[in-house]
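Please open the model in your viewer, with the chains coloured separately, and follow the stops below in order. At each stop there is something to select, followed by a description of what should appear.

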Number of protein chains: 2
Amino acid sequence: MSTQEQNHNRPFTDDELHGLYRAIYERRDVRSQFLPDPIPSDVLVRLLNAAHHAPSVGFMQPWDFIVIDSVAVRESVLAIFEQENRKAAENYTGDQGARYRSLKLQGILESPINLCITCNRSRGGRHVLGRNSVVEMDLFSTCLAVQNLWLAARAEGIGVGWVSILDQQQLAHTLKLPNDVYPLAYLCLGYVSEFLDQPELQAKGWRSRLPLDELVHGNTWGEGLGNEELQAELANKKVW
Amino acid sequence: MSTQEQNHNRPFTDDELHGLYRAIYERRDVRSQFLPDPIPSDVLVRLLNAAHHAPSVGFMQPWDFIVIDSVAVRESVLAIFEQENRKAAENYTGDQGARYRSLKLQGILESPINLCITCNRSRGGRHVLGRNSVVEMDLFSTCLAVQNLWLAARAEGIGVGWVSILDQQQLAHTLKLPNDVYPLAYLCLGYVSEFLDQPELQAKGWRSRLPLDELVHGNTWGEGLGNEELQAELANKKVW
């Protein structure tokens with residue numbers, strides 16, 4: 001066994017474990033706290049490389065990364081957002097409508113970098129290992145890359161916001177994507193004035209966190225856990 | 001500002017940052033190295049809670065967790081895998097076919113716990129904030145939960161393998177899922193004899209890792225990066 005193998009198989013130290021859990025619990029979907037400070041190139045490359053080391057079906061690595069700093073491109077994307085958001089706002093009336101309109105839902109121009117993570121649906125040819133039963137596995141793999149980047153960004157002190165209120169066809173046209181390439185995630189990246197201590201939609205009363213123990217089933221849907229110790233741990237769970 | 005806020009806004013220490021990157025780079029899709037040792041309840045709850053703290057569109061939290069230890073349920077799932085894998089194998093001929101058949105692609109019975117992470121497509125009602133343009137955002141959110149769990153598991157010394165060669169309708173039937181609930185990820189979890197030092201499909205010559213710098217575009221598809229420093233960093237990238 002090589003030194004490297006021994007090294008990567010050693011248990012995580014408490015600090016290393018804590019670092020992973022900090023990133024998971026302190027990550028936020030950032031829209032309002034972006035600072036204009038540039039992201040150094042070495043830091044940005046660490047984030048992209050973290051995304052690139054996500055799992056992918058059949059080792060397909062279907063992702064590409066479009067790094068956007070052009071104000072013109074970002075203004076085009078913002079126009080797509082505003083059009084879609086007007087349509088979305090029509091779904092909410094009364095108090096909920098007022099609250100919806102008061103929410104800031106993107107930081108496209110305030111953040112110094114936008115990043116589109118795409119999924120090339122034809123990469124790897126017709127028969128990608130593990131993708132025969134669920135053709136969407138390439139999209140799902142690309143999501144895993146998004147989360148790697150999101151967590152790495154948090155650990156580097158960088159906020160990320162996913163802008164999902166976009167017409168995907170218009171976005172693909174703006175970014176000049178080939179036909180087989182889907183713009184899976186449009187992200188805003190930048191240093192932040194602060195990371196909020198809870199998700200903004202929770203803090204603003206839009207929706208509450210669900211109790212974890214109500215989301216866990218045993219063996220089949222709706223069945224209780226046979227394991228009483230596990231049930232007790234769930235009821236008594238503590239955030240790290 | 002409260003003590004907690006000050007605390008969660010302090011920069012990551014080098015060890016904490018290293019812990020996050022270790023989990024990202026040393027995570028593997030495990031099929032062959034599972035040990036039968038049980039996963040303690042407190043550890044399993046930490047993994048589920050990590051998943052539950054993923055980002056979700058409109059704070060929808062569309063996931064549920066089916067913890068499967070029943071051998072009968074796992075044998076049913078294995079039968080679904082075997083049927084689908086026979087169909088998949090027909091796509092490969094000659095040397096590639098022989099190589100495909102030699103790969104171990106699941107650890108359903110060898111791992112002590114199987115976990116199905118589902119997506120409840122109707123959670124949160126008809127109009128989920130941020131889901132008006134891309135209805136699949138609930139599925140994508142659930143993928144982010146999968147990756148949180150996968151990384152937390154790695155940091156805890158637990159291997160995870162995603163079994164994607166399954167007929168989703170048969171799987172949903174076996175797990176007795178309601179109509180609106182999609183079985184997004186079927187995972188095998190357990191301690192391992194070792195974590196391989198590179199992805200198994202890479203080690204076995206099935207596919208190579210793509211060079212990161214070929215996957216990065218500037219502002220629009222196929223355009224170079226205007227930023228020469230960033231281009232140089234990409235070409236000269238080092239894994240953490």
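Start by selecting strand β3 of chain B, bearing in mind that this is a predicted model. Of the 5 residues of β3(B), 5 are buried, so the strand is largely enclosed by the rest of the structure. If you display the side chains, B:I158, B:V160 and B:W162 point one way from β3(B), whereas B:G159 and B:G161 point the other way, and all of these are buried.

Next, add strand β4 (residues 181-191) of chain B to the selection, which runs antiparallel to β3(B) and is joined to it by 5 bridges. Two of the facing positions can be picked out by name: B:I158 has B:Y191 as its bridge partner in β4(B), and B:W162 stands opposite B:L187 of that strand.

Now widen the view to the whole sheet that contains these strands. Which strands make it up, and in what order? It is an open sheet of 5 strands, ordered β5(A)-β1(B)-β2(B)-β4(B)-β3(B), and its pairing is mixed. At the edges stand β5 of chain A and β3 (158-162) of chain B, each of which has a single partner strand, so that one side of each is left without a neighbour in the sheet. Looking from one strand to the next, you should find a twist that averages 25 degrees.

**Where the sheet crosses between chains**

Select strand β5 (residues 216-218) of chain A together with strand β1 (residues 63-68) of chain B, which pair in the parallel sense over 3 bridges. Within this pairing, A:G218 stands opposite B:V67 of β1(B).

Then turn to the other sheet, an open one of 5 strands whose order is β3(A)-β4(A)-β2(A)-β1(A)-β5(B), again with mixed pairing. Here the edges are taken by β3 (158-162) of chain A and β5 (216-218) of chain B, and because each has a single partner strand, one side of each lacks a neighbour in the sheet. The twist of this sheet averages 25 degrees from one strand to the next. Inside the sheet, select strand β2 (residues 113-120) of chain A and strand β4 (residues 181-191) of chain A, which pair in the antiparallel sense over 7 bridges; A:L115, for instance, stands opposite A:L187 in β4(A).

**The contact between the chains**

Show both chains and highlight the residues of each that touch the other: 104 residues of chain A are in contact with 104 residues of chain B. On the side of chain A that touches chain B, helix α2 (residues 14-26) of chain A gives the most, with 12 residues. Coloured by class, that side of chain A divides into 55 nonpolar, 29 polar and 20 charged residues.

One helix pair across this boundary deserves its own selection, namely helix α6 (residues 137-155) of chain A with helix α2 (residues 14-26) of chain B, whose axes lie 10 Å apart and pack at an angle of about 170 degrees. An angle over 145 degrees counts as roughly antiparallel, and α6(A) and α2(B) are therefore roughly antiparallel to each other. The contact is made by A:N148, A:L151, A:A152 and A:A155 from α6(A), and by B:E16, B:L17, B:L20 and B:I24 from α2(B). By class, these contact residues are 6 nonpolar, 1 polar and 1 charged.

**The core**

The largest nonpolar core has 138 residues, and those with the most contacts inside it are A:L20, A:I117, B:L20, B:I117 and B:A152. Centre the view on B:I117: apart from its neighbours within four places in sequence, it is in contact with B:A51, B:W63, B:F65, B:T142, B:A145, B:V146, B:L184, B:A185 and B:L187.

**A partly exposed position**

For the next selection take A:A89, found in helix α4 (residues 71-89) of chain A. Is A:A89 buried or partly exposed? With 15 C-beta neighbours inside 10 Å, A:A89 counts as partly exposed. Its contacts, leaving aside neighbours within four places in sequence, are A:G97, A:Y100 and A:R101; A:Y100 is 11 residues away in sequence and 6.8 Å away in space, C-alpha to C-alpha.

**Chain A as a whole**

Finally, hide chain B and look at chain A alone, which has 9 helices and 5 strands. Its C-alpha trace spans about 55 × 50 × 40 Å along the principal axes, and 48% of its 240 residues count as buried.

Note on methods:
Residues numbered from 1 in each chain as written. Chains lettered and ligands numbered in written order. Predicted model: local features only at pLDDT ≥ 70, side-chain atom pairs only at ≥ 80, totals over all residues. Contact = placed C-beta atoms within 7 Å. Helix = DSSP H or I, 4+ residues; strand = E, 2+ residues; numbered from the N terminus. Nonpolar A, V, L, I, M, F, W, Y, C, P; charged D, E, K, R; others polar. Pairing = 2+ DSSP bridges. Core = buried A, V, L, I, M, F, W, Y, C linked by C-beta atoms within 7 Å. Buried ≥ 20, exposed ≤ 12 C-beta atoms within 10 Å, placed from the backbone. Axes fitted to C-alpha atoms, helices over the stretch in contact; angles between N-to-C directions. Parallel < 35°, antiparallel > 145°, perpendicular 65-115°, else oblique.
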